[in-house]
Amino acid sequence: MKENNIIKETSLIQKEVNTPTSEQFTSTAKLYATVFSGPPWNESVKCSLDGQFKGLDTPLGSRCSCGGIFVEAYPLEETVEYIKEESKKPKFKFQETVNAEGETIGFAWSYLTTPTKLAQSKWDNSDDQQKIINILEQKGIAPNQEIRYISECGVDPNFRGNGIANLLTDIVSGPETTVYRTNCFSPMMAVATRLEFTQIMGPEVIIDRSNKTIIETGRYINFLDNQNPQRTLFIKT
Ligand SMILES: CC(C)(COP(=O)(O)OP(=O)(O)OC[C@H]1O[C@@H](n2cnc3c(N)ncnc32)[C@H](O)[C@@H]1OP(=O)(O)O)[C@@H](O)C(=O)NCCC(=O)NCCS
Ligand SMILES: [Zn+2]
């Protein structure tokens with residue numbers, strides 16, 4: 001395990017997991033649904049017809065304007081399957097934080113990919129895909145070079161602000177060149193500064209740590225994602 005000096009809460013246990021157990025898949029999937037239900041993601045429910053997400057103020061079972069019904073955004077079985085698929089990716093690294101009661105309160109995972117594979121799997125239009133490949137190439141990373149991608153990180157709302165995400169992200173980073181995507185209003189923007197990642201795409205922000213707020217400057221780094229203009233991309237070599 002890496003140095004623990006960035007975590008402020010000492011009663012928590014960090015678990016480096018090679019192959020998650022079925023309990024770990026389940027507890028991570030439950031926490032996954034919780035962390036993405038709130039801002040800035042607001043993925044609490046999902047329309048059964050057009051798939052659009054809505055936040056916590058949209059009741060489960062209510063009707064979408066398109067005629068669909070809002071169902072759970074991340075149903076347990078489907079989310080477990082997603083994480084299981086992720087765990088089969090090359091050099092998968094998974095890290096879990098557990099509280100004194102043994103409950104999962106934080107997770108992060110990463111795996112190896114290449115700029116080409118990453119662009120094709122995570123961006124759905126060819127313009128963005130090519131821009132991602134180009135920007136990484138400008139950073140000296142060939143389209144087929146192996147890089148580590150931090151796929152997901154989340155911390156239970158009751159345990160936020162203790163440095164857990166800083167620690168989890170650090171542990172699942174490297175030794176390869178590492179990249180991750182996030183939303184410009186996620187505290188993962190602050191994690192990037194703390195861990196010395198460089199922003200290579202998306203809105204530039206000012207982070208006010210004491211007031212726990214993030215504001216856009218109106219400028220952006222390199223380009224804005226066509227599909228989601230709040231998306232940002234970071235790299236650490
Ligand atoms: C993003 C998330 C994982 C951060 O977890 P956390 O354990 O509370 O984060 P930390 O305590 O490690 O804080 C990380 C940094 O963010 C800063 N920060 C935390 N919350 C913040 C906020 N609301 N606004 C601005 N900065 C914030 C902290 O000050 C810290 O920076 P510092 O070490 O330089 O002081 C958590 O908020 C979360 O699960 N959010 C929803 C899911 C999500 O956005 N996941 C990332 C998807 S890529
Ligand atoms: Zn709909």
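Two strands count as paired when DSSP finds at least two bridges between them. Keep that in mind as you click through this predicted model.

**Stop 1: a small set of strands**

Select residues 45-47, which form strand β2. Strand β2 runs antiparallel to β3, and 2 bridges join them. For one of the residue pairs, pick Lys 46 and look across to Phe 53, its bridge partner in β3.

Now add β4 to your selection. Together you have an open sheet of 3 strands, in the order β3-β2-β4, with antiparallel pairing. Why is one side of β3 and of β4 left without a neighbour in the sheet? Both β3 (53-54) and β4 (70-72) stand at the edges with a single partner strand each, so there is nothing in the sheet on the other side.

**Stop 2: the loop before β2**

Step back to the loop between α1 and β2, and select Pro 40 there. Some background helps here: most residues other than glycine have a negative phi, and most peptide bonds are trans. The bond from Pro 39 to Pro 40, though, is cis, with omega near 0 degrees.

Asn 42 lies in that loop between α1 and β2 too. Asn 42 isn't a glycine, yet its phi is positive, at about 50 degrees. Is Asn 42 exposed or partly exposed? It has 16 C-beta neighbours inside 10 Å, so it counts as partly exposed.

**Stop 3: helix α2**

Next, select residues 76-87, helix α2. You can check its length yourself: at 1.5 Å a residue, its 12 residues should span 16 Å, and the end C-alpha atoms are indeed 16 Å apart.

Colour Thr 79, Val 80 and Ile 83, the buried residues of α2. They cover an arc of only 100 degrees around the axis, so they sit on the same side of the helix. A handy rule goes with this: an α-helix has 3.6 residues a turn, so residues three or four places apart point the same way. What do the buried residues of α2 pack against? Show α1 and you'll have the answer, as that's the element they pack against.

Then spin the helix around. On the face turned away from the buried side you'll find the exposed residues Glu 77, Glu 78 and Glu 85.

**Stop 4: from α2 into β5**

Follow the chain into the loop between α2 and β5, where Lys 91 is found. Phi of Lys 91 is positive, near 50 degrees, and this residue isn't a glycine either. With 11 C-beta neighbours inside 10 Å, Lys 91 counts as exposed.

Carry on to strand β5, residues 93-98. Of its 6 residues, 5 are buried, so β5 is largely enclosed by the rest of the structure. Strand β1 (residues 13-17) pairs with β5 in the antiparallel sense over 5 bridges, and Val 17 has Phe 94 of β5 as its bridge partner.

Strand β6 (residues 104-113) also runs antiparallel to β5, joined by 6 bridges. Try selecting Gln 95 and its bridge partner in β6, Ala 108. The hairpin of β5 and β6 has 5 residues between the strands, and Gly 102 there takes a positive phi near 85 degrees.

**Stop 5: around ligand 1**

Centre your view on ligand 1. It is surrounded by 24 residues, and the closest are Arg 160, Ile 164, Ala 165, Pro 187 and Ala 190. The elements giving two or more residues to this shell are α1 (22-37), β7 (147-155), α5 (164-172), α6 (188-194) and β10. Which element gives the largest share? It's α6, with 4 residues. Colour the shell by type and you'll get 12 nonpolar, 8 polar and 4 charged residues.

While α5 is on screen, look in the loop between α5 and β8 (178-183) for Pro 175. The peptide bond from Gly 174 to Pro 175 is cis, with omega near 0 degrees.

**Stop 6: β9 and its partners**

Finish with strand β9, residues 198-208. β9 and β10 (residues 213-221) pair in the antiparallel sense over 6 bridges, with Ile 206 opposite Ile 215 of β10 as one of the bridge pairs. Their hairpin has 4 residues between the strands, and Lys 212 takes a positive phi near 50 degrees there.

On β10, select Arg 219. With 8 C-beta neighbours inside 10 Å, Arg 219 counts as exposed.

Finally, add strand β11 (residues 231-236), which pairs with β9 in the antiparallel sense over 3 bridges. Gln 199 stands opposite Phe 234 in β11.

Notes. Residues are numbered from 1 along each chain as its sequence is written. Chains are lettered from A and ligands numbered from 1 in the order in which they are written. This is a predicted model: local features need pLDDT of at least 70, side-chain atom pairs count only at pLDDT 80 or more; totals for chains, interfaces and linings use all residues. A residue is near a molecule or strand if its C-beta atom, placed from the backbone, lies within 6 Å of it. Ala, Val, Leu, Ile, Met, Phe, Trp, Tyr, Cys and Pro count as nonpolar, Asp, Glu, Lys and Arg as charged, and the others, Gly among them, as polar. The expected span of a helix is 1.5 Å times one less than its number of residues. A residue is buried if 20 or more other C-beta atoms lie within 10 Å of its own, exposed if 12 or fewer, and partly exposed in between; C-beta atoms are placed from the backbone. The arc is that of the directions from the helix axis to the C-beta atoms. Two residues are in contact if their C-beta atoms, placed from the backbone, lie within 7 Å.
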